[in-house]
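User: I am new to this structure and would like a close look at a single part, the sheet together with what packs on it. Please take me through that part carefully.

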Amino acid sequence: MRVFLTGATGFIGSAIVQELLSSGHEVLGLARSDAAADALSRLSVQAHRAELADTAGLAAAARACDGVIHTAFIHDFSAHAAAAETDRQAVAAMLGALEGSGKPLVATSVTVLLAHAHPATEDMPVPEASPNPRAKAEAMVLAAAGRGVRASVVRLPPSVHGAGDYGFVPMLVRIARSKGVAAFIGEGANLWPAVHRLDAARLFRLALESALPGARLHAVAEKGLPLRAIAEAIGEGLGVPARGIAADEAPAHFDWLARFVAIDNPTSSALTRSALGWQPREAELLADMRDSGYFS
């Protein structure tokens, strides 16, 4: 299968590239810079040079391939709504290109869309009133299953970890290093699900190959780790104390990250495992933090 992959040089996308190639697929990777195009070339991957805002270019690439995996997103938390709108328009363009073809499109979503549920399960739709700007893109993808696209979404947890991680956990490490304390809010009992990037990559490949139209899939290896346990692992790794802080202290301590640190998002992946035979096999988060350079 020839697969158009957005985010092909990113933390998760680069793992998907290797997963697809090792499974006999061909990859056309979106490259938003010359450096990204060069990186793909070194992997013998053809680059499609375009920006996420180039909807015509995205549609053309999707149309020229047998399927699409969409992982690219502009992670600018100072302009999150604008980034989400760019993502929505990109998704709409690629879905439009595939409409009526029966080809697969696997899009990326997030488990925190279901942070109201305990635990969140795959059969739960995102609430219509969800304020999360990524909710619209998920709804759009799933609706396309009724228009001849084998569309599915993979919901990623707050921590997708592994060597080279630049997500929320490394941000917590940097804050703890600068402030001399690894903090959590209150008792730190709120739960973060987690998955290794290689396990997530395998799920994206399985979804591309065999997910049913309209499937919601959870790339979750660990249902939920208490934030206290993550903070204590950070404290041990840095040699600083771990302690709880009051909720009203969190914005000053964590800045914009405070709302993510407070998320309680236990998430099940039982239906995903049953449907696709997916079984996580890589290191769990706390061991990975210790062994993959999180404290270097």
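Analyst: What follows is a walk through the sheet, then the helices on it, and then a pocket beside one of those helices.

This is a predicted model, in which local features need pLDDT of at least 70 and side-chain atom pairs count only at pLDDT 80 or more, while totals for chains, interfaces and linings use all residues. Residues are numbered from 1 along each chain as its sequence is written, and side-chain values use heavy atoms, with hydrogens and water left out.

The sheet is open and is formed by seven strands with parallel pairing, which follow one another in the order β3-β2-β1-β4-β5-β6-β10. Here strands (E, at least two residues) and helices (H or I, at least four) are DSSP runs numbered from the N terminus, and two strands count as paired if DSSP finds at least two bridges between them. At the edges lie β3 (46-49) and β10 (215-218), each of which pairs on one side only. On average, and with direction ignored, neighbouring strands of this sheet are turned by 25° against each other.

One pairing can be followed in detail: β1 (residues 2-6) and β2 (residues 26-31) run parallel and are joined by four bridges, and within this pairing Phe4 has Leu28 of β2 as its bridge partner.

Two helices can now be added to the picture, with contact taken as heavy atoms within 4.5 Å, and with angles that run from 0 to 180 degrees between the N-to-C directions of axes, which are lines fitted to C-alpha atoms, for helices over the stretch in contact. Helix α5 (residues 135-143) packs on the sheet by touching β5 (104-110), β6 (150-156) and β10, and its direction makes about 150° with that of β6. Helix α7 (residues 197-210) also packs on the sheet, where it touches β1, β4 (67-70), β5, β6 and β10, and its direction makes about 165° with that of β6.

Helix α5 leads on to the second largest pocket, since the largest share of that pocket's lining, five residues, comes from α5. A pocket is, on a 1 Å grid over the protein atoms alone, an open set of points with protein on both sides within 12 Å along at least five of seven lines, and lining residues have an atom within 4 Å of a point. The lining of this second largest pocket consists of 14 residues, and those nearest its centre are Val126, Pro127, Ala135, Lys136 and Ala139.

Technical notes. 1 Å grid on protein atoms, 1.4 Å probe; cavity = no way out; pocket = protein on both sides within 12 Å on 5 of 7 lines; lining within 4 Å.
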